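Dear colleague,

I am handing over the structure we spoke about, and you will find it just below. Please look through it before reading my notes.

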Amino acid sequence: MANPCKSRVFAPLFGSFPSRNFFSHYFSTISIKKVTRNNFTSSFEELRHHVREADFVALDLEMSGITSAPWRESFEFDHSTIRYLKIKDSAEKFAVVQFGVCPFRYDNSTKTLIAYPFYIFPRKELPIDFPSCEFLCQTTSIEFLARHQFDFNACIHEGISYLSRAQEAEALHQLGLADVDHLPYSECNPKETREMPLVSFGDILFTERMKIKLSEWRDSLLRNQNCDYHFEENSSNCKLQFRTDFFKMRPSLLLSGFSSHQLRLIQQVIRKHFDDLAFIRINDENSLSQNRIVYTDWKDDRAKLMEEVRKDMQKVTKSKVDAAVGFRHVIDLLSSEGKVIVGHNCLLDIAHVHSKFLGPLPSTLAEFASSIHKLLPYIIDTKRLLISELAIQRLMKKTGTSLSSAFSFLCSQMVSSSDTSSSNSRPFFKVEVLTDEESSSNQSNPGAKHEAGYDAFMTGCVFAQICHLLGIDFSIYKGSDVVEHEKLQKHLNLLYLGWNSGTMVDMKTGQEIAHSTVTNLKKRYPKIQFSNIVLVWGFQKKFKPWEMKDIVTKVLGISSVTSVFYLDETAAFVQFSKEQYVQDFLVLKDTVERESGPLSVLHPLGKLLEGGNTRAAKYDIYKEICSSPLSRVLFADQTEAMGIKWKTKVEIQKLEQADVGEGGSDRKNEVVAEKKILRDGKPHMEGSEDCLSSESILDVLYSSGSLIFKKVRT
Amino acid sequence: MTHKWQRCFFSSSSKQWRIKQITKSNFSRILPQVKERIHGADFICVSSQKTGTFSAPWRRILPIDTPETAYCKSRDAAERFELLHFTVCPITFQGTKVIAYPYNFHLFPRDELNIGMPSYSFSCQTSYLTSMAQEGFDFNTCIYNGISYLSRVQESASKHQNGNCIPTTIPLTSSKPSFADAIFLEGTKSRVKHWRDACKDSSGSSDGALMKSLRKHILGSEVYGTRPCINIDVCTDNQVPLVAKMLNDVADDLVPLIIPHKNGTAKGIRVVLASSQEDRNLLMEEIQTLEEEQNKHFRGFREVIDAMSASCKPIVAYNCLTESAFIHSKFLAHLPSTMAEFMCSLRLVFPCILDVNHLMKSVRPLRKANNLHSALSYIKRQFFAPVEMETPYEVSEDIDVTHGHDVLRIAYVFAKLCSILKIFPSTGQLPIGYRSMMDFENAFYPCCVSIQEPLDAEPTIQIDKNKSKQVSTEDLIFLWGYENGISPDRLRKLLCDVHDAFHGGFQVRIIDDGCAVVGFEKSGSAERFLKDVESGEVESGALLDLIVGGLRVAGYNAYERVCKLGVWEGKLPNSLERALLGEPVASTAKTGMSEEHKSESMMLELSDL
């Protein structure tokens, strides 16, 4: 999996390989077959064949962006609910521009391997508006793709379109309805179609002429089967406009060159004067519409004709929708084949698969997991393997777990086909490649990193190598049975929630699992207690980061604040050492805010509250904000756009606070603290505001004194 | 690649017009030439290619929009989408001949300075990109080689972030220094004096290396370029001018430079010692050029916009409101919340803007032309307007014929319209029978509110006398939740008898999937109907059935609220529902404007729908 954030965090470490050869390989280059809509059909058939044969399939996606705002990036302070919300937001807003599929097969005799990077683009193929008709691009991600020679023209000009399953159903529904409604005009209820008054002289003339023409044509049909001759002759002046042929075994007139107004007049004529003629409009496969007048013998025949026409239309619609489904056929294929899917840190990729090809992302992680599990029952994350398998850990020492570093470390032998003699372990996975002359010759970036196809290939190679190191022998397993191996079994369907998180999700059960064997993830922060966290935002920009802790400790005591974490320049998390401080802080802030006298200026919090837009609330509010579909760059702007008006959100103390710790948003108990605040039972808030003010004034004097001192000193 | 419209366009114009293509690589080379052309031009035509225009059909500017709602829609689009091409075409009139120099700039909001600007992310409208692709748009060139830019506001913000030294302009304050400041100043003064003396002194003497480094260490002296300098920390911003003044008093060979902090405030002052008065001037010049270099780097493409602004030439554009909202948002500043503020802000930069749409609406037969192409072909058929346009470029590698043609169409239509409307195409003495272009300037279709007069003076939606009746915004209601896919005629029939408000005559227009606008001809009917539906005092069974079936109604104020608050949902009914949910209108301090707006009724024309 490739994305700018990750690669920045884990810089690839090349050149630190151990001297011993673990395996050897005959390996030259990988062929990457670029798939666009021009060669999709043929490539898909090829891919279908390869996937059927494959032992596992590696996936990688390139997206138009990762985070829609800086504060939506993945932080170590994030609750797992937040992590899912962030992933959901990313998958909903950004587009997948490239989808790399690389089927791997273990084979002793013929070794074949092709990576398929599919360029995909959500083109509008059907006359229906889906909400996906707009997507977001993150400037840095686009630049990142550009740096790796991503071909945007190929993507937008030639990208394969797709419909999710939900969209397909919707499209069939809508188009189906549309056909019945208005396509065969004459089907409409005559009462509905309003009589068109013939106002202009031209209309009257035209109507009359049509009446004569049509009755002539019908009469000629009735008189003698060989009608063409008569008609053509009679209407030499409008030969271009009528053509007699047969439609569904019935004689018919093909109308061409008429304006829509004239067509409507013709319909009206038919409705009024000809019981045995039917007007039909058909859209064929190329979405060209044909207008016909068909002669029907009697009324039942006409109904039969209409039925036939409708069936035809449905068929056409169906094939159109089927064509529009496009790339999703690949996903359906992967799903129906039930192969093992391998990705590298792939939760975001999987979320994209869900939102683009299945349907809208559900609101909770558990629902998402169960939905995905039905689609792709076997998912293995190579990142998980790299981090948690101690054998691999020991081997890789301090090499990063990014895809490229893992690949260059584990699979270096594949790339630099070294001699076979020095190896004491048998060649494990020989990769030979089906070369595609045409595509490999005119590639601008053959086998380049951050090309989805190549990344998928690297992921697959890393997986194969890890399996080898763990002693898993592919030859004794068939297809996806390999996951039954006990060493893989325990990693199956476990995905990380973001790269810097210790939490994983089990896609099978939807359960979150805390990672126990995190060895290389630094714990920069003390243990995070979500109930101890206050989110403060909207303070002025000149407010300096280090001031926050100073100010809060001045008010609540020196040991009250555990840590301060800045979301961006307008927002910060403050973690207190005790849950009690959360309430204290919010109440105090609210009190100072309400104060209009000198206290509000002199109070240490005054600095924080400068500008009058400083807001604060418990951690729960972050969930609410993250689940908003809006995305402003600055956090403070975001909350403003969401219409948050209150300054401080204080929770009324309940008897024994319920499950605040878990952070379940028990909204009923929350009251916007504009008016109702209980000031009871606070340790140093006892008594009246006098107590508070004298204490604060002392604080202020102290702080201003120190300031003067500082100035004098300089 | 062959493009349909191009072929027919060329065949009609019979000549191949050439357009200079400008990317990152040739930008600085061609910029002086562009500036020169801009200054020599009579008019400057502009057009742009964006990543999208509107996110949902109802978010286009519709005839039901008042200037205010139209502005809200344009603002949303300008903030959401990004510019990929910006074409500037200075034109000059020579009798019936028009000389045009089109320059097509490829843009991409690349974060050149690594400061998260000009744009963190932007939206793309898929259908729009697809149609651009069909016309042969080259996305790779834009993204790989597009010129970046910063808006004026971003530039001033980023200067601080970048941590570069900017020479202080020494704003001398009259405010007396406080006690603390006085102490601080005294201390600093003696320190600077001491340092200066030491520098002057040591320049002559020949100390050992150890002595030199020791002295340097004790004095805190550093080197700025080849000159010695010293850094002074300041506590507050207001100490900066005080220090500057103090330095001025000490000696005239000291140049103070601000060391900015990351958040824009001053961290300290760097005092550079010049060896003489001449050296001081030299230093100032050096800094000046350094700053200019840096500014150029910061502004990027905005240089062109600034040149256009500085030239004060009339700007000609099509769909002016959207176009100028884009220009304002990308190159000037964030878009203000009201139309009036926007127009004021815009006029400061571009005093004269001519909207081709507005000119077209002044020619009666062209009223119905809804794009440039149809307007052009209509003019060709119906009018005698002998205008010839040429692009006198030599063939070179910068020249292309595929990208940025819109601007030439605008220029061509504009020239033809000038001829038809007898607009005198330059300033100076107006010949008899000609009209001044002042008559048309700064009026944006569809909200032909001239920015010269205050917005609230009069509702000035252009009125066509022989067409359908005008409807006041007060007499408009929005209907949704009726049977889906119903035709306007059937809806009309359905509504006819449900309430006596409909007896006075009304018009129905479908404006979005499942949402219709009803314009009552009799004033007061809308209010009556809304009130009755709201209170549930419904007599007719038919209406009751409709309401039970899910029919919802809202007045025009709900729509205004939707636009004002930016409740942009995919479908208008969803937006209206959310607006009706009673999210109170944002407590804007600037609502004095919108209050007046409510009382006044805008006249709209539904027939254009």
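What follows is an account of one sheet, two helix pairs and the salt bridges.

Please keep in mind throughout that this is a predicted model.

I begin with the sheet in chain A, where 3 strands lie in the order β11-β12-β13 and form an open sheet with antiparallel pairing. Because β11 (494–496) and β13 (511–514) of chain A each have a single partner strand, they stand at the edges, and one side of each is left without a neighbour in the sheet. From one strand to the next, the twist averages 35°. Looking at one of these pairings in detail, β11(A) is joined to strand β12 (residues 503–506) of chain A over 3 bridges, in the antiparallel sense, and A:Leu494 has A:Asp506 in β12(A) as its bridge partner.

Still in chain A, helix α16 (residues 403–410) packs against helix α19 (residues 452–469) at an angle of about 50°, and their axes are 9 Å apart. The two helices, α16(A) and α19(A), are therefore oblique to each other, and the crossing in which α16(A) passes α19(A) is left-handed. On the side of α16(A), the contact involves A:Leu403, A:Ser404, A:Ala406, A:Phe407 and A:Leu410, while the residues they meet in α19(A) include A:Tyr454, A:Phe457, A:Met458, A:Val462 and A:Ile466. Sorted by class, the contact of α16(A) with α19(A) has 11 nonpolar, 3 polar and 1 charged residues.

A second helix pair is found in chain B, where helix α2 (residues 27–40) and helix α11 (residues 302–311) pack at an angle of about 15°, with their axes 10 Å apart. Since angles under 35 degrees count as roughly parallel, α2(B) is described as roughly parallel to α11(B), and α2(B) passes α11(B) in a right-handed crossing. The contact is made by B:Phe27, B:Leu31, B:Val34, B:Lys35, B:Ile38 and B:His39 of α2(B), together with B:Glu303, B:Val304, B:Ala307, B:Met308 and B:Ser311 of α11(B). These residues divide into 7 nonpolar, 2 polar and 2 charged.

Turning to the salt bridges, a search of the whole structure finds 25 of them over all chains. One of them is formed by A:Arg72 with A:Asp89, whose closest N and O atoms are 3.3 Å apart. This pair links distant parts of the chain, with A:Arg72 in the loop between β1 (56–63) and α3 (80–93) of chain A and A:Asp89 in helix α3 of chain A, 17 residues apart.

With best wishes

Technical notes. Residues are numbered from 1 along each chain as its sequence is written. Chains are lettered from A and ligands numbered from 1 in the order in which they are written. This is a predicted model: local features need pLDDT of at least 70, side-chain atom pairs count only at pLDDT 80 or more; totals for chains, interfaces and linings use all residues. Side-chain values use heavy atoms; hydrogens and water are left out. Two strands pair if DSSP finds at least two bridges between them. Helices (H or I, at least four residues) and strands (E, at least two) are DSSP runs, numbered from the N terminus. Axes are lines fitted to C-alpha atoms, for helices over the stretch in contact, and angles run from 0 to 180 degrees between N-to-C directions. Angles under 35 degrees count as roughly parallel, over 145 as roughly antiparallel, 65 to 115 as roughly perpendicular and the rest as oblique. A crossing is left-handed if the near helix is turned anticlockwise from the far one by less than a right angle, and right-handed if clockwise. Contact means heavy atoms within 4.5 Å. Ala, Val, Leu, Ile, Met, Phe, Trp, Tyr, Cys and Pro count as nonpolar, Asp, Glu, Lys and Arg as charged, and the others, Gly among them, as polar. A salt bridge is a side-chain nitrogen of Lys or Arg within 4 Å of a carboxyl oxygen of Asp or Glu.
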